[in-house]
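Visitor: Before we start, please put the model up where I can see it. I would like to ask why each label is used.

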Amino acid sequence: MTAGDARGLYLFAIVGSTAVDLSGLPGIAGGDSPRLVGSGDLAAVVTDVPLSALDVREEEVTEDGRLARMAMDHDTVIRAVFEQTPALPLRLATVVGDEDAARRLLEERSAEIRDLLARLAGHQEWGVRLRREGAAPDANTERERDRAARPSGRDYLQARREALRASQEQRHAVRQAGDEVYRALAEHATDATRLSGGGAADLLLNATYLVPIAATQEFRDVVEKYATDLAAGGVQVELTGPWPPYSFAQVTIGSQAAADG
């Protein structure tokens, strides 16, 4: 066998049931459809994969490239499983050697896996973002422009100080709004976490929530309330989901932290 022929067992997710319908779901890199490898009442959703298929070159990291297609197939399988039973989604490209290795994983980590599955049962993940829309010039800005048009240095400096103070107050207010929304929504969730904003200056809050399904409408009502209240201030509230609990299913496999697909 050459290095290019080497194969592994790709893991999508771990479930607490062996009664999951995987028919019609995609494999990885055009490979076989997923199947279950079980150990007791636990099972891993897997497919065989040539290891070379996971070796993505830098030039293939594009929106419609091989890595993107692999991520879409990975997510499609996890969503389909999640709709049927609580599932621990594993990180993209989580691979073990073979079925025996998958069964050992399930056996050795069974207590941790069962605890996580029990915690996630009856929950969905929702994402909430607060984004500041392009703000129209406010009264302070207009006043600054008006004074700046005059040849008075004192008026100009005064306008600058007022504009700076107004800007600082506005930034403080929107930070407070982000904190308030985060805390208010967390009261309706089992768990919550803030995510990185990726340096986006207009992103005031990027958070995910683990919400009991029974409390979904209540959670959505609070989101809608803040969306209405903050719209007048130029802050847009975005709600996404429901998602498999990528942010709340931390399972470490080998050197990989399986969580966010």
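Visitor: Leaving aside its neighbours within four places in sequence, which residues is Thr47 in contact with?
Guide: There are two groups to look at: Gly8, Leu9, Tyr10, Phe12, Gly27 and Ile28, and then Asp32, Ser33, Pro34 and Arg35. Contact means heavy atoms within 4.5 Å. The model is predicted, so local features need pLDDT of at least 70 and side-chain atom pairs pLDDT 80 or more, while totals for chains, interfaces and linings use all residues. Residues are numbered from 1 along each chain as its sequence is written, and side-chain values use heavy atoms, with hydrogens and water left out.

Visitor: Why is Thr47 called buried?
Guide: Its relative accessible area is 0%. Buried means under 20%, exposed over 50%, and partly exposed in between, with a 1.4 Å probe and protein chains only, so Thr47 belongs in the buried class.

Visitor: What lies 2.7 Å from a polar atom of the side chain of Thr47?
Guide: The backbone oxygen of Asp32 does.

Visitor: Where is Thr47 placed, and what makes that strand largely enclosed?
Guide: Thr47 sits in strand β3, residues 42-50. Strands are DSSP runs of E, at least two residues long, and helices are runs of H or I of at least four, both numbered from the N terminus. Seven of the nine residues of β3 are buried, so the rest of the structure largely encloses it.

Visitor: How do you know which strands pair with β3?
Guide: Two strands pair if DSSP finds at least two bridges between them. β1 and β3 have eight, in the antiparallel sense, with Ala13 opposite Val45. Strand β2 (residues 35-39) and β3 have five, also antiparallel, and Arg35 stands opposite Val46 there. The hairpin of β2 and β3 has two residues between the strands, and Gly40 takes a positive phi near 65° in it.

Visitor: What class does Val37 of β2 fall in, and what does Val37 touch?
Guide: Val37 is at 1% relative accessibility and therefore counts as buried. Beyond residues up to four places away in sequence, its contacts include Leu9, Leu42, Val46, Glu99 and Leu106. Leu106 is 69 residues away along the chain, with 9.4 Å between the two C-alpha atoms.

Visitor: What makes Ala93 stand out?
Guide: Its phi is near 70°, a positive value in a residue other than glycine. Most residues other than glycine have a negative phi, and most peptide bonds are trans. Ala93 lies in the loop between β4 (87-89) and β5 (95-96). With a relative accessible area of 27%, it is partly exposed.

Visitor: Which peptide bond is cis?
Guide: The bond joining Gly241 and Pro242 is cis, with omega about 0°. Pro242 belongs to strand β9, residues 235-243.

Visitor: Why does the span of helix α6 agree with what is expected?
Guide: The expected span is 1.5 Å times one less than the number of residues. α6 (residues 216-231) has 16 residues and should therefore span 22 Å, and its end C-alpha atoms are 22 Å apart. Its buried residues are Thr216, Phe219, Val222, Val223, Tyr226 and Leu230. They fall within an arc of 130° seen down the axis, so they line one face of the helix. The arc is taken from the directions from the axis to the C-beta atoms. The face turned away from the buried side carries the exposed residues Gln217 and Thr228.

Visitor: Why is Asp221 in α6 called partly exposed?
Guide: Its relative accessible area is 44%, so it falls in the class between buried and exposed. Asp221 and Leu185 are 36 residues apart in sequence and 10.0 Å apart, C-alpha to C-alpha.

Visitor: What covers the buried residues of helix α1?
Guide: The cover includes β1, β3, β4, β6 and β9. Among the buried residues of α1 are Met70, His74, Val77 and Phe82. Helix α1 (residues 66-82) reaches 24 Å over 17 residues, close to the 24 Å expected.

Visitor: How many helices and strands does the protein have, and what share of its residues is buried?
Guide: The protein has six helices and 11 strands. Buried residues make up 39% of its 261 residues.

Note on methods: Polar contact = N/O pair within 3.5 Å; in protein donor to acceptor, adjacent residues only side chain to side chain.
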